[in-house]
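The following report describes a single structure, beginning with its charged pairs and moving on to its sheets and helices.

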Amino acid sequence: MKKLYLRTFGCQMNEYDSEKISDLLREAEGLELTAQPDDADVIVFNTCSVREKAQEKVFADLGRVRHLKQQRPEVMIAVGGCVASQEGPALFGPQTLHRLPQLLERRRSSGKPQVDISFPEIEKFDHLPPARVAGGAAFVSIMEGCSKYCSFCVVPYTRGEEVSRPFEDLVAEIDGLVQRGVKEVTLLGQNVNAWRGTIDGAPADFAELLRYLSELEVERVRYTTSHPREFTQRLIDAHRDLEKLAPHVHLPVQSGSDRVLAAMKRGYTALEYRSIVRRLRQARPDVSLSSDFIVGFPGETEADFAATLKLAADAGCDASFCFVYSPRPGTPAADLADQVGHQEKIERLQRLQRQLDQQAAAISDAMVGSTQRVLVEGPSKKRPAEVAGRTANNRVVNFPGGAALHHSYADVRITAALPHSLRGELA
């Protein structure tokens, strides 16, 4: 049996694409996944270039498998995703992963490297096999690309402009997943709430899409990643009205300083972000809010950073992602003056992370004694005799239970809050 070694870097969009790559190569070439590159007939790195560190890891891993190609020339090594789009000469881009079998075949027959990093919009979704259902939850990509052109970000250049999948295709995919046992779907997009389409012959936005999808048999709907510029009142009202919509929103703010936000070309102010949060919490008091923060953006002063700390506290941010700014080639911010020193970036990152960890811990502590509706994902990683699931506000909870609970919902009483998870028992 031929083997595929598949390494994924970066975000949930890349995780989704990797699942599709695995399904595609299983169907086209009979490849089964292996955890060891030494055993593989095909090696695929699905890459991310949004952060410098992730990109460096890709090149390091390529160096570690070079000897396999020298020992076994028939081994195929493919690089896909954002680094492929940005760096060339690689194999396939995020929008051409469906062409991977043909690219591999041409590589074998010609002996020459094959490159396809074009942006054929939604074509890939028409050529991918149905996803295998391995549990009670699944990702569904509803749009691709980004048209925001933030000054620090390479995504518009590596994934192309925003393109939304048709409503009918999304309904068909989700309905098919439900028929195969999926109970919870996460809608994916670089700016997922920028989705636009046509429903029953009329123009529709993301909030309207959520209302229609909530009428399907799926039991819970999540989405990521949203953008403040498209976080409309209609979307806030959907959180108030739709019981199936999970009370968890990931809404990247990046900075609490208006001066830095303007330099980032984010298109909103800190006050406008606060207004979204205030109205969202009025509509859904139990909502959990996570965010993304970039520290050390060019020209960021101590006062700018203090504004970020205050915004994170005022918004009541739950577990969030913090990144040290790293200049990405080809982006406007890479040429800005007043680059913040590395040590200063690290110190600010640690301060922000400590504050966010404390805020997340306080939210977890407040959940102790409550009963949560949990989708059981499978056995606990550290205690195989137990099970692990995810709460509506996206917390992992471990509790005693058997295999009969896998991939189903259970009511769990939270008994303890740990640094990165919860403990519970069946209610």
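## Charged pairs

Arg 108 is partly exposed, with a relative accessible area of 36%. This value, like those that follow, comes from a predicted model. The salt-bridge partner of Arg 108 is Glu 105, and the closest N and O atoms of the two are 3.9 Å apart. Glu 105 is likewise partly exposed, at a relative accessible area of 45%. Because they stand 3 residues apart in helix α4 (residues 100-110), Glu 105 and Arg 108 are separated by about one helical turn.

Side chains of opposite charge can pair when their charged atoms come close. The structure holds 31 salt bridges, and three of the pairs are set out in the table below.

| Pair | Closest N to O | Accessibility of the acidic residue | Accessibility of the basic residue |
|---|---|---|---|
| Glu 105 and Arg 108 | 3.9 Å | Glu 105, 45% | Arg 108, 36% |
| Glu 230 and Lys 148 | 3.1 Å | Glu 230, 16% | Lys 148, 9% |
| Asp 205 and Arg 234 | 2.9 Å | Asp 205, 16% | Arg 234, 40% |

In the second pair, Glu 230 forms a salt bridge with Lys 148. Glu 230 belongs to the loop between β11 (220-224) and α8, whereas Lys 148 belongs to the loop between β6 (143-144) and α5 (155-159), so this pair ties together parts that are 82 residues apart in sequence. Glu 230 is buried, and Lys 148 is buried as well.

In the third pair, the side chains of Arg 234 and Asp 205 meet in a salt bridge. Since Arg 234 is part of helix α8 and Asp 205 is part of strand β10 (residues 202-205), the contact ties together parts that are 29 residues apart in sequence. Asp 205 is buried, while Arg 234 counts as partly exposed.

Salt bridges also link Glu 300, Glu 302, Glu 344, Glu 347, Arg 348 and Arg 351 in a network.

## The open sheet

An open sheet of 3 strands follows the order β5-β8-β11, and its pairing is parallel. The edges are taken by β5 (137-141) and β11, each of which has a single partner strand, so one side of each is left without a neighbour in the sheet. Neighbouring strands of this sheet are turned by 25° against each other on average, when direction is ignored. Between β5 and strand β8 (residues 184-188), which run parallel, there are 5 bridges, and Ala 138 has Val 185 of β8 as its bridge partner. Helix α6 (residues 167-179) lies across β5 and β8 and runs at about 170° to β5.

## The barrel

A closed barrel of 5 strands runs β16-β17-β18-β20-β19, with mixed pairing. From one strand to the next, its twist averages 50°. Helix α12 (residues 342-367) packs on this sheet, where it touches β16 (371-379), β19 and β20, and the direction of α12 makes about 115° with that of β19. Strands β19 (residues 409-417) and β20 (residues 422-426) run antiparallel and are joined by 5 bridges; Val 412 has Leu 426 in β20 as its bridge partner.

## Helices α10 and α11

Helix α10 (residues 270-283) has 14 residues and reaches 20 Å from its first C-alpha to its last, close to the 20 Å expected at 1.5 Å a residue. Its buried residues are Ala 270, Tyr 273, Ile 276, Val 277, Leu 280 and Ala 283. They cover an arc of only 155° around the axis, which puts them on the same side of α10. The face turned away from this buried side carries the exposed residues Leu 271 and Gln 282. The buried residues of α10 pack against α8 (233-241), β12 (248-250), α9 (258-264), β13 (288-290) and α11 (302-314).

The 13 residues of α11 should span 18 Å at 1.5 Å a residue, and the end C-alpha atoms of this helix are 18 Å apart, which agrees. Buried in α11 are Asp 304, Phe 305, Thr 308, Leu 309, Leu 311 and Ala 312. Because they cover an arc of only 165° around the axis, they fall on the same side of α11. What covers these buried residues includes α9, α10, β14 (292-295) and α12. Just after α11, Gly 316 takes a positive phi of about 65°.

Notes. Residues numbered from 1 in each chain as written. Predicted model: local features only at pLDDT ≥ 70, side-chain atom pairs only at ≥ 80, totals over all residues. Heavy atoms only, no water. Pairing = 2+ DSSP bridges. Helix = DSSP H or I, 4+ residues; strand = E, 2+ residues; numbered from the N terminus. Axes fitted to C-alpha atoms, helices over the stretch in contact; angles between N-to-C directions. Contact = heavy atoms within 4.5 Å. Expected span 1.5 Å × (residues − 1). Buried < 20%, exposed > 50% of the residue type's maximum accessible area, 1.4 Å probe, protein only. Arc of directions from axis to C-beta. Salt bridge = Lys/Arg side-chain N within 4 Å of Asp/Glu carboxyl O.
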